[in-house]
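Reader: Could you take me through one part of this protein slowly, the largest pocket, and then show me how it fits with the rest? I'm in my first year, so please explain the terms as you go.

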Amino acid sequence: MGVSLVLSRSILAQKPPRITGTYTDMHYVQEAGDVLGCELKIVFTGNAYQGALQIAEGVPGDLVLVNIESKGTEVNFVIPESAAYAGRFHGSIENGVLVGEFRFKDGGSEKVKLRKGKSYWD
């Protein structure tokens with residue numbers, strides 16, 4: 001009986017982390033009248049993870065659909081060439097926070113810390 005209890009705890013400990021949800025640092029700057037930040041909503045499609053990405057630099061940008069690659073707590077995706085911010089993202093989720101870095105095709109990069117919670121738009 002003790003062996004089966006240890007085995008079931010071991011199996012539970014190996015359950016992959018839940019990465020779905022909305023991760024955001026998007027906010028309104030009243031003095032400037034600007035919306036700034038980034039928001040990523042990750043969903044599971046039955047076969048894989050996809051995300052809806054929005055970046056705001058003064059005004060909210062278009063939504064971009066990205067295919068999420070996830071291994072453990074790692075989150076990676078490519079922002080398509082057709083998007084205003086084409087490039088790549090690499091990060092990881094710990095304690096409800098997605099920490100990572102965008103590397104844009106134009107050579108720029110930006111580190112982000114996106115908290116899991118309600119969308120800016122909720």
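Author: Here is a walk through the pocket, then the core, then a few single residues.

A quick word on the ground rules. This is a predicted model, where local features need pLDDT of at least 70 and side-chain atom pairs count only at pLDDT 80 or more, while totals for chains, interfaces and linings use all residues. Residues are numbered from 1 along each chain as its sequence is written, and side-chain values use heavy atoms, with hydrogens and water left out.

Okay, the pocket. On a 1 Å grid over the protein atoms alone, a pocket is an open set of points where a 1.4 Å probe fits, with protein on both sides within 12 Å along at least five of seven lines. The largest one has a volume of about 160 Å³, volume being the space filled by probe spheres set on the points, which are joined across faces, edges and corners. Its lining (residues with an atom within 4 Å of a point) includes Asp25, Cys38, Tyr85, Phe102 and Glu110. Sorted by class, the lining holds 8 nonpolar, 1 polar and 3 charged residues. Here Ala, Val, Leu, Ile, Met, Phe, Trp, Tyr, Cys and Pro count as nonpolar, Asp, Glu, Lys and Arg as charged, and the others, Gly among them, as polar.

Where do those residues sit? β3 (34–44), β4 (49–58), β8 (97–104) and β9 (109–116) each supply at least two of the lining residues. Strands (E, at least two residues) and helices (H or I, at least four) are DSSP runs, numbered from the N terminus. The chain has 1 helix and 9 strands, in the order α-β-β-β-β-β-β-β-β-β.

Phe102 takes us from the pocket lining into the largest nonpolar core, where Phe102 is one of the residues that touch the most other members. Such a core is a set of buried Ala, Val, Leu, Ile, Met, Phe, Trp, Tyr and Cys residues joined through side-chain atoms within 4.5 Å. Buried means under 20% relative accessible area, exposed over 50%, and partly exposed in between, with a 1.4 Å probe and protein chains only. This core counts 21 residues, and the elements giving two or more of them include β3, β4, β8 and β9. Leu40 is another of its most-touching members. Leaving aside residues up to four places away in sequence, Leu40 is in contact (heavy atoms within 4.5 Å) with partners including Tyr23, Leu53, Ile68, Phe77 and Leu98.

Now some single residues. Val64, in strand β5, counts as buried because its relative accessibility is 16%. Beyond four places in sequence, Val64 touches Gly51, Ala52, Leu53, Ile79, Pro80 and Ala83. Gly108 is in the loop between β8 and β9 and is partly exposed at 28%. With that same four-place rule, Gly108 touches Phe102 and Arg103. From Gly108 to Tyr85, C-alpha to C-alpha, the distance is 9.8 Å, with their positions 23 residues apart in sequence.

Asn95 belongs to the loop between β7 and β8 and is exposed, because its relative accessible area is 80%. Its phi is near 55°, a positive value in a residue other than glycine.

Zooming out, 34% of the chain's 122 residues count as buried.
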